[in-house]
Amino acid sequence: MVIAVQEKTFLDNSGSIYIMETDLEEISRISKEKGIENWEFRNYLKKYDVPIADTDSIVHKIYHQVSSKIDCTECSNCCRYFYTILNIDDIHNLSESMGISATQFKDRFLQKKNEDNSYILKNSPCPFLNGNLCSQYEFRPEACASFPHLHRADFIFRLSNILNNYSICPIVFNVYEILKTEIWTRTGLPPENTPAPRKLRKKI
Ligand code: SF4
Ligand code: SF4
């Protein structure tokens with residue numbers, strides 16, 4: 001499925017034209033093809049001691065560019081593939097909106113994640129997905145409202161999760177690809193012998 005977007009191309013921060021990938025099947029295929037490369041870039045980002053705030057600021061900028069062009073109601077891939085985590089407040093809000101007790105809600109929709117108090121949905125796709133829309137949008141879990149979490153701080157410490165989302169979410173896919181172009185490929189592949197990119201990153 002190809003997600004309709006108003007504009008697939010834009011100038012990235014280096015002044016190059018970037019064409020966004022919005023075909024979900026193609027994103028899934030490319031993610032397998034680029035598995036090693038993506039992991040190497042993750043290692044590259046962790047290897048050099050770049051100030052976390054610098055990396056976050058670059059990611060936030062790219063995220064804003066990409067997400068402003070993608071309409072999530074055309075996609076909903078995250079709602080189809082992930083087992084959303086719910087906290088106690090989420091359970092309270094959703095059960096109240098459905099007029100059932102928290103216990104009934106847990107029995108019907110959730111399973112325990114681990115020994116702490118968090119739960120995940122029993123089923124995927126999410127039972128609250130109606131077509132491409134969330135039937136509980138106003139009461140959706142915090143994890144859904146925050147997804148794909150690229151506006152948050154500490155990108156560098158969340159790379160494993162971000163890579164898990166790369167094959168599912170067109171926003172994550174395109175942000176990560178642009179990030180590679182802007183930070184990594186300009187310094188050459190593979191990165192072992194390239195200089196620490198602190199200067200390059202600050203320029204960006
Ligand atoms: S609760 Fe709504 S936003 Fe969250 S996964 Fe389900 S359908 Fe998607
Ligand atoms: S957050 Fe990503 S996977 Fe979820 S609907 Fe938006 S573009 Fe699709």
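The following legends describe an overall view and four close-up views of a predicted protein model.

Local features in this predicted model need pLDDT of at least 70 and side-chain atom pairs count only at pLDDT 80 or more, whereas totals for chains, interfaces and linings use all residues. Residues are numbered from 1 along each chain as its sequence is written, and chains are lettered from A and ligands numbered from 1 in the order in which they are written.

**Figure 1. Overall view of the protein.** The protein has 10 helices and 7 strands; helices (H or I, at least four residues) and strands (E, at least two) are DSSP runs, numbered from the N terminus. Of the 204 residues, 26% are buried, that is, 20 or more other C-beta atoms, placed from the backbone, lie within 10 Å of their own. Among contacts (C-beta atoms, placed from the backbone, within 7 Å) with a separation of 6 or more, 66% join residues 24 or more positions apart.

**Figure 2. The surroundings of ligand 1.** The residues around the ligand, meaning those whose C-beta atom, placed from the backbone, lies within 6 Å of it, are Cys79, Thr84, Cys126, Phe128, Leu129, Cys134, Gln136, Arg140, Pro141 and Cys144. This shell comprises 7 nonpolar, 2 polar and 1 charged residues. Ala, Val, Leu, Ile, Met, Phe, Trp, Tyr, Cys and Pro count as nonpolar, Asp, Glu, Lys and Arg as charged, and the others, Gly among them, as polar.

**Figure 3. The surroundings of ligand 2.** Ligand 2 is surrounded by Ile70, Cys72, Cys75, Ser76, Asn77, Cys78, Phe147, Pro148, Ile168, Cys169, Pro170 and Ile171. Helix H4 (77-81) and helix H9 (170-184) each give two or more residues to this shell. Its classes are 10 nonpolar, 2 polar and no charged residues.

**Figure 4. The packing of helices H2 and H8.** The axes of H2 (residues 35-47) and H8 (residues 159-166) come within 11 Å and cross at roughly 155 degrees; axes are lines fitted to C-alpha atoms, for helices over the stretch in contact, and angles run from 0 to 180 degrees between N-to-C directions. The two helices are therefore roughly antiparallel, a term for angles over 145 degrees. Asn38, Arg42 and Leu45 of H2 meet Leu159, Leu163 and Tyr166 of H8. This contact has 4 nonpolar, 1 polar and 1 charged residues.

**Figure 5. The packing of helices H8 and H9.** H8 and H9 pack with their axes 8 Å apart, at an angle of about 115 degrees. Ile162, Asn165 and Tyr166 of H8 and Val172, Phe173 and Tyr176 of H9 make the contact. By class, 5 of these residues are nonpolar, 1 is polar and none is charged.

Conventions:
A residue is buried if 20 or more other C-beta atoms lie within 10 Å of its own, exposed if 12 or fewer, and partly exposed in between; C-beta atoms are placed from the backbone. Two residues are in contact if their C-beta atoms, placed from the backbone, lie within 7 Å. Angles under 35 degrees count as roughly parallel, over 145 as roughly antiparallel, 65 to 115 as roughly perpendicular and the rest as oblique.
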